[in-house]
Amino acid sequence: PQILGDILGLAGCEAARNQLIRNGAVNYLAGAASYADRITTVSPSYAREICTPYFGEGLDDLFLRRQDILTGVLN
């Protein structure tokens, strides 16, 4: 949380705290996924998998919320 204020200058911004802090630390991937216009993954099946607790690495709830902009590009 110190990084939120010291480095990013967002200590007083509640929205930033809600979207960037995960498990007591700043999570830049959570921030990127929160503010992105589009989220892509390496395949359609992986796009579905990251919406589950097993593959979501603690961000599955975020990916589920952003599912409307989440797309898998078949490689």
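Guide: Quick ground rule before we start: a residue is called exposed when its relative accessible area is over 50%, buried when it is under 20%, and partly exposed in between. Also, this is a predicted model.

Visitor: Fine. Is Asn23 buried or exposed?

Guide: Asn23 sits in the loop between strand E1 (21-22) and strand E2 (25-26), and its phi is near 55°, a positive value in a residue other than glycine. Its relative accessibility is 82%, and the cut-off is over 50%, so Asn23 counts as exposed.

Visitor: And which loop holds Glu57?

Guide: Glu57 has a positive phi too, near 50°. At 70% relative accessibility, Glu57 counts as exposed. Its place is the loop between helix H5 (53-56) and helix H6.

Visitor: Now charges. Which residue forms a salt bridge with Asp61 at 3.0 Å, N to O?

Guide: Asp61 lies in helix H6, and its partner is in strand E1, 39 residues apart. Asp61 is partly exposed, with a relative accessible area of 35%, while the partner counts as buried at 19%. That partner is Arg22.

Visitor: How far apart are the closest N and O atoms of Asp61 and Arg65?

Guide: Both residues are in helix H6, and because they are four residues apart, about one helical turn separates them. Arg65 is exposed, with a relative accessible area of 54%. Together with Arg22, the two belong to a network of salt bridges. The closest N and O atoms of Asp61 and Arg65 are 3.8 Å apart.

Visitor: What about Asp60: how far away is the nearest side chain of opposite charge?

Guide: Asp60 is in helix H6 (residues 60-65), and it is buried yet has no salt bridge. A salt bridge needs nitrogen and oxygen within 4 Å. Arg22 is the nearest side chain of opposite charge to Asp60, at 6.7 Å.

Visitor: How many residues make up the largest nonpolar core?

Guide: In soluble globular proteins, nonpolar side chains tend to be buried together. Here the core includes Ala47, Ile50, Phe63 and Leu70, and helix H3 (28-35) and helix H6 each supply at least two of its residues. The full count is twelve.

Visitor: Last one: what is the area of the nonpolar surface patch that includes Ile7?

Guide: Ile7 lies in the loop between helix H1 (2-6) and helix H2 (14-20), and at 60% relative accessibility it counts as exposed. Ile3, Leu8 and Tyr28 join Ile7 in the patch, whose area is about 390 Å².

Definitions and conventions: Residues are numbered from 1 along each chain as its sequence is written. This is a predicted model: local features need pLDDT of at least 70, side-chain atom pairs count only at pLDDT 80 or more; totals for chains, interfaces and linings use all residues. Side-chain values use heavy atoms; hydrogens and water are left out. Buried means under 20% relative accessible area, exposed over 50%, partly exposed in between (1.4 Å probe, protein chains only). Lys and Arg count as positive and Asp and Glu as negative; His and the chain ends are not counted. Patches are made of residues with over 30% relative accessible area and no salt bridge: like charges are joined within 9 Å, nonpolar side chains (Val, Leu, Ile, Met, Phe, Trp, Tyr) within 5 Å. Accessible areas come from the Shrake-Rupley method with a 1.4 Å probe; for residues, only the protein chains shown count as cover. A nonpolar core is a set of buried Ala, Val, Leu, Ile, Met, Phe, Trp, Tyr and Cys residues joined through side-chain atoms within 4.5 Å.
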